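Trainee: I would like to learn how to read a model feature by feature. Where do we start?

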Amino acid sequence: MKRVAIIGAGVCGLTAARSLEREGCSVAVFEREAEVGGAARTRLEDGWRTEWGPNTLSAGQDTLDRLASFGLAECMIEASPLASRRYLVKNGAPTPLPGKPPEIFGTKLFSVGARLRLIRELFVGRAPEEAEESVAGFVRRRLGEEWLVRAVAPFISGVYAGDPEKLSLKHALPRMHALETKYGSLIRGAVKMKGMGGRKLYSTRDGVGGLTSGLAEGLADLRLGTAVESMRRDEGRWIVRTAAGDDAFDTIVLTVSAPAAAELVRGVDTAAADVLQSVYAPPIVVVHHGYRREKVAHPLDGFGMLMPRIEGIRTLGTLFMSTMFPDRAPEGHVLLTSYVGGALDTDVSEADPADIAMQTVAEHRGLLGIEGEPAYVRAHLVRQAIPQYNLGYGRILAGVKDAESRQAGLLLRGNYIGGVALPDRIAAGVAIASEIQREEHA
């Protein structure tokens, strides 16, 4: 029986382990922390259920089918219908984004010129096939500066906490890149894809942590609180060393972050370690702040709100968590989760998270009409949060591929490969199992 070691019990590692065990492989999952989840962690404190990493699962039918194959379909709950409404801050006030395409031409979020620019988008030519374009460059070319500043840049802050001037379109937003490549226009592509099945927001009643604990349930060999000290090749097999001793495997899969992976592979492949070390992930402070419902004037009738940097607000975006899902706040209260920092505000790594939290609370008083002090505040700094798929990221992907070709039986599959969202990590886990099975039968 093929023996596989998976280092990292995040969503990707757990999905890969479940998939491999189903195919008859012997799998050991190593996790240095005392719990599963990796970056996806849910905490419950005095009735406040908070997410310290990914907060929702934006899933299409393919992702739901994968979860159903693990027996997890029944534990998933869909977000409130109100979550389809999104707010964008303009002139210091949350303004609803248009819900349907025709509403774009009546919204006050964008100038008349910007709205008319959408018609011109239909006639903008494709970029040269060999060109690698930044997200900002792509949006300026197709939609103009106002759409970049007011809409796309805040969206990028919400997904990557990144700099649109540096993020690579084809690596960071491959679906958007594909619309131009295939249809020659974002609008034309969106119309063609209408009705092909969209994505909906999900979680579990226990939060994202309920998903990771469900994936971990029943694994034959899950070694929590077990840090991998080193790894090496010996007579065609991989030797994993922990405080408990050495263990031998045919294949080893690293699903941990790029810095953690670099540390583990440095003794085996210096070039691979250098490539992984070059992956940039900026700091983010996650702020949870809760209030009595009557203290918040805004109806909080949506997914949340994004703040364009032009508004002079430090917060990147805020989610209305207790609106989306039940049991996120005590009875009579509401829970907001805000994000501060990212590639354009790295100073947060030097600040006290408590100070960031107080600044966040102050900003939201005016934005949402909040009176008095919050009933609950917690803040946490993530020093290296989301990998940035910046211009030239193909070099990193090539470096990872080269390392795998040099080191037989080694797979480097953290969130620096294949996407950062939860559905991407689930798909990556399934793909790992398929790849290992193909190699075994080759």
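Trainee: Which strand order does the open sheet of five strands have?

Mentor: Keep in mind that this is a predicted model. To read a sheet, list its strands by pairing rather than by sequence. Here the order is β10-β2-β1-β14-β20, and the pairing is parallel.

Trainee: Which are the edge strands?

Mentor: Look for strands that pair on one side only. In this sheet they are β10, residues 222-224, and β20, residues 410-412. From one strand to the next, the twist averages 15 degrees.

Trainee: How many bridges join β1 to β2?

Mentor: Count bridges pair by pair. Strand β1 covers residues 3-7 and β2 covers residues 26-31; five bridges join them, and they run parallel. For a register point, take Ile6, which stands opposite Val29 in β2.

Trainee: And how many bridges join β1 to β14?

Mentor: Four, again with the strands running parallel. Ala5 stands opposite Ile252 in β14. Carry on to β20: three bridges join β14 to β20, also in parallel. There, Val253 has Leu411 as its bridge partner.

Trainee: Which way do the residues of β14 point?

Mentor: Read a strand by its two faces. In β14, residues 251-254, Thr251 and Val253 point one way, while Ile252 and Leu254 point the other way. Are these residues buried or exposed? All four are buried.

Trainee: Let's zoom out. How many helices and strands does the chain have?

Mentor: The chain has 15 helices and 20 strands. For overall size, compare the radius of gyration with a length-based rule. The chain comes out at 22 Å, close to the 22 Å that the globule rule gives for 442 residues, so it is as compact as a globular protein of that length. For the outline, use a box along the principal axes. The C-alpha atoms fill roughly 70 × 55 × 40 Å.

Trainee: What percentage of the 442 residues is buried?

Mentor: Buried residues make up 52% of the chain. Sequence separation gives another view. Take the contacts with a separation of 6 or more: 70% of them are between residues 24 or more positions apart.

Trainee: How many disulfides does the structure hold?

Mentor: Check sulfur distances, not just the presence of cysteines. The structure holds zero disulfides. Cys12 is in none; its nearest cysteine sulfur belongs to Cys25, 15 Å away. The cut-off for a disulfide is 2.5 Å. Cys75 is in no disulfide either, with the sulfur of Cys12 as the nearest, 18 Å away.

Trainee: Is Cys12 buried or exposed?

Mentor: Cys12 counts as buried because its relative accessibility is 4%, and the cut-off for buried is under 20%. Cys75 is partly exposed, with a relative accessible area of 29%.

Trainee: Now one residue in a loop. Where is Ser349?

Mentor: Place a loop residue by the elements on either side. Ser349 sits in the loop between β18, residues 333-341, and α13, residues 353-368. A loop position alone does not settle burial, so check the area: Ser349 is buried, at 16% relative accessible area.

Trainee: Which residues is Ser349 in contact with, leaving aside neighbours within four places in sequence?

Mentor: Those are Pro283, Leu381 and Arg383. Look at the side chain too. A polar contact of 3.4 Å joins the side chains of Ser349 and Glu350.

Notes: Residues are numbered from 1 along each chain as its sequence is written. This is a predicted model: local features need pLDDT of at least 70, side-chain atom pairs count only at pLDDT 80 or more; totals for chains, interfaces and linings use all residues. Side-chain values use heavy atoms; hydrogens and water are left out. Helices (H or I, at least four residues) and strands (E, at least two) are DSSP runs, numbered from the N terminus. Buried means under 20% relative accessible area, exposed over 50%, partly exposed in between (1.4 Å probe, protein chains only). A polar contact is a pair of N or O atoms within 3.5 Å; within protein, one must be able to donate a hydrogen and the other to accept it, and residues adjacent in sequence count only if both atoms are side-chain atoms. Contact means heavy atoms within 4.5 Å. Two strands pair if DSSP finds at least two bridges between them. Axes are lines fitted to C-alpha atoms, for helices over the stretch in contact, and angles run from 0 to 180 degrees between N-to-C directions. The radius of gyration is taken over C-alpha atoms; the globule rule is 2.2 Å times the number of residues to the power 0.38.
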